[in-house]
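Me: I would like to go through this structure slowly, asking at each step how a label follows from a value. Please show the structure before we begin.

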Amino acid sequence: MTFLSPTTSLLQQARVLLVGSGRMGHIRAKAIFSNPRFDFAGIVDDNVDGAKKLADVYRTPHFSSLSDAIHHYSSTPLHGIIISTPTPTHEPLITEAASANLSIFTEKPVDETSSSVKEIFNTIRAHNVSLCCGFQRRFDPSYLSLFNTIRSGGIGTPLTASIFFGDHPVPSRQFLLQGGGNIISDCSAHDVDYIRWVLGDDVKSVYAVGTSSDEELGKAGVIDNATVVLNFQKGTVVTLTLSRGANYGYDQRCEVFGTAGMASVKNITESSTEVSNATGIHRPKWQHSFPQRFEVAFGQELDAFADTLLLKKPWPVSESDCVAVQKVCDAALESCESGQVVNLFA
Ligand SMILES: NC(=O)c1ccc[n+]([C@@H]2O[C@H](COP(=O)([O-])OP(=O)(O)OC[C@H]3O[C@@H](n4cnc5c(N)ncnc54)[C@H](O)[C@@H]3O)[C@@H](O)[C@H]2O)c1
C-alpha cells in the first residue's frame, strides 16, 4: 500500500504579529484571532496602553516596538506581519519587517506617493518576501459579485461607471485638520483600485475638483468633498464622488452601465426590519461605518494573506496595481490644484 507523504510536514499555521492597535488594529486583531490558520504572536504599538488593552482581549503578548517583538521571537520563527499604523509609518515598518524576512500585509495605501510606493517594492524584492496591500472591496461578496458579472459579459461592454463614497461618521475636526483630512488622499484609493480591477484597464487621464465645506477647512486647504473623473484607455468614463458629509450612514455605492445592461452595488442596512404604517414605509439606517460594512471582507482578506503565507499563493493586488492606483490619486490631487486634466500616458 502506498501512503501519501504526511501532511504534518506542511505548515498549517502562520505565526503573525500585528502592528497598530487603533481603528484598523481592532478589526485585524479580531480577524487574526478568529482564523485558525493564524498563530497570533502579539501586538506592537508605541502606545503601550493601547497595545496591552487589545492584546489582553486576545490573550497575546504586547510590545512597544517592532524591534522588541522580532527580538523576542529570535528563536521561534515568525512568518508574517500585519501593519495597521498610519500611512507615513508604513515605509520604516515594512523595511524593518522585510529585513527580518517577514512577509507583509499592509493597510492601504502602501505609501503616500507613487514614487515612494515603487521604492518600497524595490526594497521588498531585494528581500524576497511578499508585500500584500489591503483593498477590501476585492473580498466583499457584493463587490466581488459585481466584478464577476461584468467580467462574464453580464452588462456587455462597460461604458460608464458612477461611484459614490460617503464617509460616516464625519471624522473629528482634529483628524480633518491634522494631516488625515484630504478625502482624495485618504479615501479614493479603494474605488480606484476596485474599478481598475473590474474594468481590467488603466486610467488614461484624470480631472478632479475638490471643495471644502466650511471656512476653517478651506483656510487649512482641506478638501472634504471631491469629484474625480477617470478616463480609461478603452473608453470607459468613471465618475467618483467622495464626501465626508454622509450624516445618514456609511454610503458606498457603485453603478456600472454597459451596452447590454447595468449592474450595481447598493448599501446594506443595519438590519432587514421594515415597518409599514400610515406615515410610510420605514427602513433602518445604512450600516454605521467601514468596520460593519466590510466585516466579512476584512476576514476574507486576512484569510487570503494566510494563503500567501502558507500556500505561497500570489497576492491579488500586484506591485503594478499599487503603483498605478497611487499615480491616479497623485494625479487627482494635482488636477484639484491646477484645475487641469492630468494625462497619465502623455
Ligand atoms: N481598509 C480600510 O477601510 C481602512 C480604513 C481606515 C484606515 N485604513 C488605513 O489603516 C491605517 C491605520 O489607520 P487607523 O485609522 O487604524 O489609524 P489609528 O490612528 O486609529 O491607529 C494607528 C495606531 O498605530 C499606532 N502607531 C503609530 N505609529 C506606530 C509605530 N511606528 N509603531 C507602532 N505603532 C504605531 C498608534 O499608536 C495607533 O494606535 C492607515 O494606513 C489607513 O489609511 C484603512
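**From values to labels**

Reply: In this predicted model, the shell around the ligand is made up, by class, of 6 nonpolar, 11 polar and 5 charged residues. Among the 22 residues around the ligand, those that come nearest are R23, M24, D45, T87 and Q136.

Me: What makes the approach of D45 to an oxygen atom of the ligand a polar contact?

Reply: A polar contact is a pair of N or O atoms within 3.5 Å, and a polar side-chain atom of D45 lies 2.6 Å from an oxygen atom of the ligand, so the pair satisfies that cut-off. A polar backbone atom of T85 is likewise 3.3 Å from an oxygen atom of the ligand. The protein buries 80% of the 860 Å² that the ligand exposes when taken alone.

Me: Why are α5 and α12 called roughly antiparallel?

Reply: The axes of helix α5 (residues 114–127) and helix α12 (residues 319–338) come within 8 Å and cross at roughly 165°. Angles over 145 degrees count as roughly antiparallel, and therefore the two helices, α5 and α12, receive that description. Their crossing is right-handed.

Me: Which peptide bond is cis with omega about -20°, and where is its proline found?

Reply: The cis bond with that omega of about -20° joins K108 and P109, and P109 is found in the loop between β5 (103–107) and α5. Another cis peptide bond runs from H168 to P169, with omega near -5°, and P169 has its place in the loop between β7 (158–166) and α7 (173–180).

Conventions: Residues numbered from 1 in each chain as written. Predicted model: local features only at pLDDT ≥ 70, side-chain atom pairs only at ≥ 80, totals over all residues. Heavy atoms only, no water. Near = heavy atom within 4 Å. Polar contact = N/O pair within 3.5 Å; in protein donor to acceptor, adjacent residues only side chain to side chain. Areas by Shrake-Rupley, 256 points an atom, 1.4 Å probe, with all protein chains shown as cover. Nonpolar A, V, L, I, M, F, W, Y, C, P; charged D, E, K, R; others polar. Axes fitted to C-alpha atoms, helices over the stretch in contact; angles between N-to-C directions. Helix = DSSP H or I, 4+ residues; strand = E, 2+ residues; numbered from the N terminus. Parallel < 35°, antiparallel > 145°, perpendicular 65-115°, else oblique. Left-handed = near helix turned anticlockwise from the far one by under 90°.
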